[in-house]
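Subject: Structure for your files

Dear colleague,

Here is the structure I said I would pass on. My notes on it follow below.

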Amino acid sequence: MDDAIFIARLDAQIIETPSWAFGNTGTRFKTFAAPGAARSVWEKIEDAAEVHRMTGIAPRVALHIPWDKVDDAATLGRFAAECGIAIGAINPNLFQDEDYRLGSLTHPDARIRDKALAHLHDCVAIMQQTGARDLSLWFADGTNYAGQDDIRARRRRLRAGLQACADILPDDARMLIEYKFFEPAFYYTDLADWGAALLHAQALGPQAQVLVDLGHHAQGANIESIVAILLDEGKLGGFHFNARRYADDDLIVGSTNPLELFLIYAELVAAADDPATEACARGVSYMIDQSFNIEAKIEGMIMSILNCQEAYAKALLIDRAGLAAAQAEGDALGAHRILLDAFRTDVRPRLAAWRRGHNLPEDPLRAHREGDYLRAIKRDRGVIATGGGYGD
Ligand code: LRH
Ligand code: MN
Ligand code: MN
């Protein structure tokens with residue numbers, strides 16, 4: 001690929017960080033306190049801005065409401081701008097309230113469904129005041145036992161709630177419907193897979209699209225093919241990037257599955273060059289969804305961002321003409337080798353050059369580790385007490 005195009009494509013790649021990665025989080029067994037971890041939404045925004053200063057490609061931070069206490073959204077939006085970033089997707093939390101024991105929008109009781117809808121209303125208001133474009137929807141709704149509830153009735157309640165949400169969405173906004181194959185429900189999940197999410201998104205119209213969280217699939221699922229299908233339907237709205245080995249592990253992106261990450265980017269790059277899918281591909285929101293336990297938070301996030309950029313850069317280098325020719329000839333291994341050639345290319349020198357060209361630190365991880373920001377937050381924020389986990 002021509003160097004100028006390669007650089008222009010890298011310039012256009014923007015990845016959003018999640019506010020919830022910067023505070024102390026853990027597993028249900030233990031939350032370890034990290035020195036300097038963010039204590040408020042303001043500090044989370046400052047940390048996200050540090051990730052952007054180091055990498056140059058993370059200019060937005062997603063919020064999770066009410067994990068992030070947002071009393072004055074407009075002021076928060078201005079604060080983010082002063083820090084050099086913008087507010088990204090707004091994630092309503094419809095899973096941590098006593099009332100949601102049997103579901104939120106799917107709950108058998110209309111009063112609880114209305115409560116969930118009222119929260120969606122509040123989140124849309126935050127979008128309007130912060131200029132956020134995406135409402136990112138994940139529902140923990142499901143059942144634990146066969147017969148616990150009527151599956152079709154739940155599905156209809158969910159559709160009605162999603163439709164009510166679509167009705168209040170600003171014209172230029174999108175609702176991204178995320179799926180997850182299990183957890184916290186263990187028998188039936190109302191949005192368990194991309195098919196369930198896609199059917200709702202298709203019924204709701206152009207503002208509704210599907211969000212793919214890499215950690216939300218069964219072992220061995222071919223995520224890149226799901227990505228290709230959603231792109232082809234014009235319904236891929238965004239990603240929650242992370243890595244998994246077992247379930248929803250939320251590990252550093254590309255740490256367990258670099259080939260898979262590359263193949264996902266390969267689909268995105270191909271779709272962006274195809275007039276039939278270009279618009280959808282270029283509208284995709286790239287977001288990270290991680291919650292660290294033992295890792296240093298900002299450092300871990302920088303690593304995730306860099307791993308995404310590396311996978312993307314490799315995907316840009318795929319010999320598309322050669323691949324198309326090999327595919328047309330039915331040369332299975334020839335085509336496969338073309339993909340692997342790109343995957344095996346060491347793009348680090350080119351990415352270092354790209355950073356030099358943008359006055360960014362050539363080694364963002366090192367610059368952060370040795371920089372003033374980390375020293376200052378460790379000194380000023382200290383270590384805050386965390387929950388133990390089970391039994392607390
Ligand atoms: C659920 C999920 C969803 C939540 C986030 C914290 O597992 O992926 O996106 O909002 O984690
Ligand atoms: Mn997610
Ligand atoms: Mn998840």
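Helix α5 passes helix α6 in a right-handed crossing. Bear in mind here and below that this is a predicted model. The two helices, α5 spanning residues 151-168 and α6 residues 194-204, pack at an angle of about 45°, with 10 Å between their axes. Angles from 35 to 65 degrees fall outside both the roughly parallel and the roughly perpendicular ranges, so α5 and α6 are oblique to each other. On the α5 side, R159, L162, Q163 and A166 make the contact, and on the α6 side H200, A203 and L204. Sorted by class, that contact has four nonpolar, two polar and one charged residues.

A second helix pair is α8 (residues 258-272) with α10 (residues 297-316), which pack at about 55° with their axes 8 Å apart. These helices are therefore oblique to each other, and α8 passes α10 in a right-handed crossing. From α8 the contact takes P258, L261, F262, Y265, A266 and V269; from α10 it takes N307, A311, Y312, K314, A315 and L316. By class there are 10 nonpolar residues in this contact, one polar and one charged.

Next, the ligand. Around ligand 1 are W20, N91, W138, E178, K180, D213, H240, D248 and D289. Five residues of this shell are charged, two are polar and two are nonpolar.

As for annotation, an unreviewed UniProt entry assigns residues 71-246 to the domain "Xylose isomerase-like TIM barrel". In the model that span is 40% helix and 18% strand, and its end C-alpha atoms lie 38 Å apart.

Regards

How values were computed:
Residues numbered from 1 in each chain as written. Chains lettered and ligands numbered in written order. Predicted model: local features only at pLDDT ≥ 70, side-chain atom pairs only at ≥ 80, totals over all residues. Near = placed C-beta within 6 Å. Nonpolar A, V, L, I, M, F, W, Y, C, P; charged D, E, K, R; others polar. Axes fitted to C-alpha atoms, helices over the stretch in contact; angles between N-to-C directions. Helix = DSSP H or I, 4+ residues; strand = E, 2+ residues; numbered from the N terminus. Parallel < 35°, antiparallel > 145°, perpendicular 65-115°, else oblique. Left-handed = near helix turned anticlockwise from the far one by under 90°. Contact = placed C-beta atoms within 7 Å. UniProt positions renumbered as here; feature names shortened; annotations may be inferred.
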